[in-house]
Amino acid sequence: MFVMELSYTAPLESVEEQMDAHIAWLDGYYAAGVFLASGRKVPRDGGVILAGGVSRAEIERIATEDPFAVAGVCAYTITEFIATKTSSDLSTVRENPVT
């Protein structure tokens with residue numbers, strides 16, 4: 001599973017110009033089952049996306065497709081983790097660590 005943290009690198013007005021395209025991009029990966037949750041950070045200086053079911057290389061490629069990244073208004077930090085415990089709603093992404 002991945003935590004995709006994005007930080008705005010441009011004024012909020014520039015971010016807002018890309019918002020409709022960003023939401024459409026999010027919707028596509030929700031429909032594909034890759035994105036599990038997303039939202040704005042508080043204070044509003046970026047956002048967070050929880051994703052799963054793909055490789056590190058694939059999630060990095062997906063991040064480069066974000067219209068925010070294409071427009072140069074954000075930068076991504078991607079953290080991979082093993083979700084060994086989840087709510088029942090997220091049981092399908094639960095992982096067993098390799099020992």
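Accessible areas are obtained with the Shrake-Rupley method and a 1.4 Å probe, and for residues only the protein chains shown count as cover. On that basis, the protein chain exposes about 5,800 Å², of which carbon and sulfur atoms supply 54%. The model is predicted: local features need pLDDT of at least 70 and side-chain atom pairs count only at pLDDT 80 or more, whereas totals for chains, interfaces and linings use all residues. Residues are numbered from 1 along each chain as its sequence is written, and side-chain values use heavy atoms, with hydrogens and water left out.

**Fold and overall dimensions**

- The protein chain contains 4 helices and 4 strands, where helices (H or I, at least four residues) and strands (E, at least two) are DSSP runs numbered from the N terminus.
- Along the sequence, these elements appear in the pattern β-α-α-β-β-α-α-β.
- The radius of gyration of the protein chain is 14 Å, which agrees with the value near 13 Å expected for a compact globule of 99 residues; this radius is taken over C-alpha atoms, and the globule rule is 2.2 Å times the number of residues to the power 0.38.
- Taken along the principal axes, the C-alpha atoms of the protein chain fill a box of roughly 45 × 25 × 25 Å.

**Burial, contacts and charge**

- Among the 99 residues of the protein chain, 31% count as buried (buried is under 20% relative accessible area, exposed over 50% and partly exposed in between, with a 1.4 Å probe and protein chains only).
- Of the contacts in the protein chain with a separation of 6 or more, 64% come from residues 24 or more positions apart; a contact means heavy atoms within 4.5 Å.
- The protein chain carries 7 positive and 14 negative side chains, and the centres of the two sets are 8 Å apart.
- In this count Lys and Arg are positive and Asp and Glu negative, while His and the chain ends are not counted; each charge is placed at NZ of Lys, CZ of Arg, CG of Asp or CD of Glu.

**Aromatic pairs**

- The whole structure holds 5 aromatic pairs, in which rings of Phe, Tyr and Trp (its six-membered ring) have centres within 6.5 Å; planes under 30 degrees apart count as stacked, over 60 as edge-to-face and the rest as tilted.
- One of these joins Trp-25 and Phe-35, an edge-to-face pair because the ring centres are 5.2 Å apart and the planes lie at 65 degrees.
- Since Trp-25 belongs to helix H2 (residues 19-31) and Phe-35 to strand E2 (residues 35-40), this pair ties together parts that are 10 residues apart in sequence.
- The rings of Tyr-29 and Phe-35 form a tilted pair, with centres 5.3 Å apart and planes at 40 degrees.
- Phe-35 is buried at 3% relative accessibility, Trp-25 is buried at 8%, and Tyr-29 is buried at 16%.
- Trp-25, Tyr-29, Tyr-30 and Phe-35 make up one aromatic cluster.

**Met-1 and Gly-39**

- Met-1 lies in the segment before strand E1 (2-8) and counts as buried at 10% relative accessibility.
- Beyond its neighbours within four places in sequence, Met-1 is in contact with residues including Leu-36, Ala-51, Phe-81 and Val-93.
- Another contact of Met-1 is Thr-79; the C-alpha atoms of Met-1 and Thr-79 are separated by 8.4 Å, although the residues are 78 apart along the chain.
- Gly-39, in strand E2, is partly exposed, with a relative accessible area of 37%.
- Not counting residues up to four places away in sequence, Gly-39 touches Gly-47 and Val-48.
- The C-alpha atoms of Gly-39 and Val-3 are separated by 12 Å, the residues being 36 apart along the chain.
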